[in-house]
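Work through the exercises below with the sequence and the structure open. Each task is followed by a solution in steps.

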Amino acid sequence: MLPYGNMTIDRVAGLLRMSTRTLQRRLSDWGFSFEEIVDDVRRVEAIRRVTTGDGTAIEIAFMLGYSDQAHFSRAFRRWTGLSPRKYAARAYASLRGSGAPHSRALLDRAGVETPLRSGSG
């Protein structure tokens, strides 16, 4: 539902076969709001996609239901304190330092320039 902007409380309530007000009440009883849940789903998915290089920033923005890359980048900074590009670079540095055997493939998919990718290594 996220990529098409269909993540509305009315739509989700309909899928759950309950009224919008009932869904709001139940979420409130559990200490949540619909907007907080949508924001959290977007945050987790954005961090996963940026870290693994699953798409460009604009592709990730649209996958998560943002109308443009600028809105996505602002939200990403709010969640992490970093731009998507800087976050990916830090993830790269962390993976590179961990010695994880799959880290180079992950970084290649992320499009992060490394000495091995740029041919200077």
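The exercises concern one helix and a group of aromatic rings in a predicted model.

**Exercise 1.** Determine how the span of helix 3 compares with the expected span.

Solution. Helix 3 covers residues 34–52, which is 19 residues. From its first C-alpha to its last it reaches 27 Å, close to the 27 Å expected at 1.5 Å a residue. Just after helix 3, Gly53 takes a positive phi of about 75°.

**Exercise 2.** Classify the ring pair Phe72 and Phe76, and state where the two residues lie.

Solution. The centres of Phe72 and Phe76 are 5.8 Å apart, with 55° between the planes. Planes from 30 to 60 degrees apart count as tilted, and this pair is tilted. Both residues are in helix 5 (residues 69–80); because they are four residues apart, about one helical turn separates them. Phe72 has 0% relative accessibility and so counts as buried. Phe76 is also buried, at 0%.

**Exercise 3.** Classify the ring pair Phe76 and Trp79.

Solution. The centre-to-centre distance is 6.4 Å and the angle between the planes is 70°. An angle over 60 degrees counts as edge-to-face, so Phe76 and Trp79 form an edge-to-face pair. They are three residues apart in helix 5, therefore separated by about one helical turn. Trp79 has a relative accessible area of 16% and is buried, the cut-off being under 20%.

**Exercise 4.** Which residue of helix 3 has its charged end over the ring of Tyr66?

Solution. Arg42 is one of the buried residues of helix 3. Its charged end sits over the ring of Tyr66, 4.6 Å from the ring centre. Tyr66 forms one aromatic cluster with Phe72, Phe76, Trp79 and Tyr87.

Key
Residues are numbered from 1 along each chain as its sequence is written. This is a predicted model: local features need pLDDT of at least 70, side-chain atom pairs count only at pLDDT 80 or more; totals for chains, interfaces and linings use all residues. Side-chain values use heavy atoms; hydrogens and water are left out. The expected span of a helix is 1.5 Å times one less than its number of residues. Buried means under 20% relative accessible area, exposed over 50%, partly exposed in between (1.4 Å probe, protein chains only). Rings of Phe, Tyr and Trp (its six-membered ring) pair if their centres lie within 6.5 Å; planes under 30 degrees apart count as stacked, over 60 as edge-to-face and the rest as tilted. A charge sits over a ring if NZ of Lys or CZ of Arg is within 6 Å of the ring centre and within 35 degrees of the ring normal.
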